[in-house]
Amino acid sequence: MSEVSTIRITKNTQSRLHETELKNIPFGKIFTDHMLVADYADGAWQDVEILPYQPFSFDPSLAAIHYGQCIFEGIKAYHNVHDEVVIFRPYDNYARFNQSAARMQMPEVPEEIFIDGMKELINLDKAWIPTYENHSLYIRPFMFATDTFIGVRPSATYKFVIILAPTGPYYSKPTRIKVEEKYTRAAPGGVGGAKNAGNYGLSLKPTEDAKLAGYDQVLWTDAFEHKWLQEVGTMNVFFVLKDKVLTPSLEEGTILDGVTRKSAIVVLREMGLNVEERRISIDELVDEYKKGNFLESFGTGTAATISPIKELAYKDEHLVFDVDNNSQVSQELGKRLSDIRSGVVEDTHGWIEKI
Ligand SMILES: *Cc1c(COP(=O)(O)O)cnc(C)c1O
């Protein structure tokens, strides 16, 4: 489907790296010297280019900004302890990107552009990868509709882009979570399982309402009864009970198939824990909490990896967790994942892609 064999590279003659402090660099604001851009037209990817990071100019009728044909990914690369540059599970993100594309009626992006292009771009900007502990390079591939037409139909043209942002340690302070009973993020048959931009747009108002009520995030529930649990904010969610770990299953297509989620399931099982992927109601968790069986809860995602939860609030119930003294499972999980990424332990799962 694509004739792409070589990527045209135009180098930046004035690197901004020397004027950038990489230590503790905040997430998502500073980007490296280059970006990758590919254009889709006439039913094929035409042109793949790495060029200096720069703004796009666009026509006001650009389809993506009217009707939301727009998807993205989030991946991390690391400078490991063996002085190598590695990417964590990029093929999983690649597969997921094309699943999102299919759901949004967008063209598939070939591996030579997504994976090979990403590696080439990272290699060119590898001096930007922080070498400090717990730092990384955040990789943001995205695709949007570029037809200049405000009629509703799938665009015939698209741009696929990769930008890179060096990132400092993500300290996720233990969060207080409100179980959402009014708003809905995703329903069966919808787009909850796709990483499309609109899923984030719709989450802002409910999250802001939760903040006004004194919480940090919402725990999304099903559209019909508002009791079957889905995700926490923009992360997958895990509940640690005395004899098992629960996480919502993917079957309904209402939650994202997180790469951190599936890595966590594997590692938790290696830790000897019994992990169940299934439907989980808030009532079940309240019951287990009252019996003293519900010990820990945390969110998972590429940005924060593991984000501890210190409170789940549902109606008059407040499930409170002693994160400082009682988070053995999430801490051990976080350490094991970190050791795999940083090369402290051998990668026995084929999750690490060297550049
Ligand atoms: C990206 C994302 C996640 C986390 O997925 P990872 O692959 O682990 O980064 C979870 N939920 C939603 C809604 C997301 O968009």
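Visitor: Which residues come nearest to the ligand?
Guide: This is a predicted model. Of the 14 residues around the ligand, the nearest are Lys195, Tyr200, Glu231, Thr260 and Thr302.

Visitor: What makes the pair between Lys195 and the ligand a polar contact?
Guide: A polar side-chain atom of Lys195 lies 2.7 Å from an oxygen atom of the ligand. The cut-off is 3.5 Å between N or O atoms, so the pair counts.

Visitor: What do the backbone atoms of Val259 and Thr234 add?
Guide: A backbone N or O atom of Val259 is 2.7 Å from a ligand oxygen atom. For Thr234, a polar backbone atom lies 3.2 Å from a ligand nitrogen atom. Both distances are within 3.5 Å, so both pairs are polar contacts.

Visitor: How much of the ligand does the protein bury?
Guide: Alone, the ligand exposes 380 Å², and the protein buries 96% of that.

Visitor: Which classes make up the shell around the ligand?
Guide: Four residues are nonpolar, six are polar and four are charged.

Visitor: At what angle do helix H2 and helix H3 cross?
Guide: Their axes cross at roughly 145 degrees and come within 10 Å. H2 covers residues 90-103, and H3 covers residues 111-124. The crossing is right-handed.

Visitor: Which residues make the contact of H2 with H3?
Guide: H2 brings Pro90, Tyr91, Asn93, Tyr94 and Phe97. H3 brings Glu111, Phe114, Ile115, Met118 and Lys119. Seven of these residues are nonpolar, one is polar and two are charged.

Key
Residues numbered from 1 in each chain as written. Predicted model: local features only at pLDDT ≥ 70, side-chain atom pairs only at ≥ 80, totals over all residues. Heavy atoms only, no water. Near = heavy atom within 4 Å. Polar contact = N/O pair within 3.5 Å; in protein donor to acceptor, adjacent residues only side chain to side chain. Areas by Shrake-Rupley, 256 points an atom, 1.4 Å probe, with all protein chains shown as cover. Nonpolar A, V, L, I, M, F, W, Y, C, P; charged D, E, K, R; others polar. Axes fitted to C-alpha atoms, helices over the stretch in contact; angles between N-to-C directions. Helix = DSSP H or I, 4+ residues; strand = E, 2+ residues; numbered from the N terminus. Left-handed = near helix turned anticlockwise from the far one by under 90°. Contact = heavy atoms within 4.5 Å.
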